[in-house]
Amino acid sequence: MDGQWEKCRTVLVTGANRGIGLNLVKALVNGKFTPEIIIATARDPGGAEELQELASKHCSIHIVKLDVIDQQAIFQAVQCTSSLVGERGLNCLINNAGINLRDSLEEVTADTMMSNYQINTVAPLMIIKAFLPLLRKAAKQTTGFGIGRAAVVNISSCLGSIQQTWEDGAEYRCYPYRASKAALNMVSRCVAFDLEPEGILCCSLHPGWVRTDMGGQEAPLGTTESVEGILSVLGGVNRNSNSLLLDWTGQKLPW
Ligand SMILES: NC(=O)c1ccc[n+]([C@@H]2O[C@H](COP(=O)([O-])OP(=O)(O)OC[C@H]3O[C@@H](n4cnc5c(N)ncnc54)[C@H](OP(=O)(O)O)[C@@H]3O)[C@@H](O)[C@H]2O)c1
C-alpha cells in the first residue's frame, strides 16, 4: 500500500462493520501511510463491536451511522463528515456497502430486483451526490488525479460484467445482484465523465471472490489478501484508470 496514499488525508468507507469494509479500515490503520481521518460508516454502530474496538485503539477512525438507503441518514453523515474533515475535504469515498440477492430466473420478483438495485446502485449514486461538495473541496486544493486528490471508488463485481456473462461465474444466475452491479458500473462511467474536468476520479473495483458473509467460506481469497490488493490498486489509480472496472490485482475487466 503506497503510491498516492501518502497524499490521501481523508477517506470514507461505507459498510465498515464487517467483511471487506471492516478489513479495508483495518488495513488502512495498519498501512505505511495512514490517512489522518478514516470515516467508517455502519448502519448500527452500537452493534459494530469489532469496529468499535479498532476505533478505540486508533484515533484516526471515526464511526458514523449510515444506512445507505436512508436519505436523511446520508445528509446527517455528510454533516458529520464535514465537521470531521474540515478544510481538508474528502479525498477518497469508497462505496462498499452492498447486498447480494441471488434469485434465479424462476425465483426473481420485482421486489428483489428493486431492493438490490436500491442498495447497490441507487444508494452509491445518492452518496456520491451528497458528498460531492466535500470531494470538490479536496480536489480544489491540489493537482493530479487519484486518491491523493479526490476519488470515488465503487466496489462492484465481475458478476456485473455483461461481457463475462458466459465466462467467470457463468453458472451464477443471480438476476438482482448481477443487474445491480452492471448498473453500478454505468454509474461509475457517468460520474467519471461528469467529474473528470474537476479532477475527481471515479472507478469500479471488483474485490475478487472473498471469504465474507457474502462471499461464503468456499471463496478462494481471504479478506486480507483482497483488501491489500484493493489498497495497492487504489494507490496507483490515475487519469488512465478513470472510469474503468478494475479488479483487486489492478487488471482491467471488460464491461
Ligand atoms: N465477498 C465477495 O466475494 C464479493 C465479490 C464481489 C463483490 N463484492 C462486493 O464487496 C462489497 C462488500 O461485500 P462483503 O463481501 O464485505 O459483504 P458482507 O460481508 O455481506 O458485508 C456487507 C456490508 O454492507 C453493509 N450493508 C448492507 N446493506 C446496507 C445498508 N442498507 N446500509 C448500510 N450498510 C449496508 C453491511 O452492513 P450490516 O452488517 O448492517 O448488514 C455490511 O457492512 C459489496 O458491495 C459486494 O457486492 C463482494
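The legends below describe close-up views of a predicted model.

**View 1. The central sheet and its strand order.** In this predicted model, seven strands form an open sheet in the order β3-β2-β1-β4-β5-β6-β7, and their pairing is parallel. The edges are taken by β3 (61–65) and β7 (245–247), each of which has a single partner strand, so one side of each is left without a neighbour in the sheet. From one strand to the next, the twist averages 25°.

**View 2. The pairing of β1 with β2.** Strand β1 (residues 10–13) and strand β2 (residues 37–42) run parallel and are joined by four bridges, and V13 has A40 of β2 as its bridge partner. Strands of a sheet pair through backbone hydrogen bonds, in either a parallel or an antiparallel manner.

**View 3. The surroundings of β2.** Six of the six residues of β2 are buried, and the strand is therefore largely enclosed by the rest of the structure. The cover extends to both faces, with I37, I39 and T41 buried on one side and I38, A40 and A42 buried on the other; A40 is also the residue of β2 that forms the bridge with V13.

**View 4. Helices packed on the sheet.** Helix α4 (residues 110–139) packs on the sheet, where it touches β4 (92–95) and β5 (151–155), and the direction of α4 makes about 170° with that of β4. Helix α5 (residues 175–195) lies across β5, β6 (201–206) and β7, and runs at about 160° to β6.

**View 5. Helix α1 along its length.** The 12 residues of α1 should span 16 Å at 1.5 Å a residue, and this agrees with the 17 Å that separates its end C-alpha atoms. The helix is mostly covered, since nine of its 12 residues are buried; the buried residues are G19, I20, G21, L22, N23, L24, V25, K26 and L28. An α-helix has 3.6 residues a turn, so residues three or four places apart point the same way.

**View 6. The shell around the ligand.** The ligand is surrounded by 29 residues, of which the closest are G15, G19, G98, T212 and G215. Helix α1 (residues 19–30) gives the most to this shell, contributing three residues. By character, the residues of the shell divide into 13 nonpolar, 11 polar and five charged. G19, named among the closest residues to the ligand, is also one of the buried residues of α1.

Key
Residues numbered from 1 in each chain as written. Predicted model: local features only at pLDDT ≥ 70, side-chain atom pairs only at ≥ 80, totals over all residues. Near = placed C-beta within 6 Å. Helix = DSSP H or I, 4+ residues; strand = E, 2+ residues; numbered from the N terminus. Nonpolar A, V, L, I, M, F, W, Y, C, P; charged D, E, K, R; others polar. Pairing = 2+ DSSP bridges. Axes fitted to C-alpha atoms, helices over the stretch in contact; angles between N-to-C directions. Contact = placed C-beta atoms within 7 Å. Expected span 1.5 Å × (residues − 1). Buried ≥ 20, exposed ≤ 12 C-beta atoms within 10 Å, placed from the backbone.
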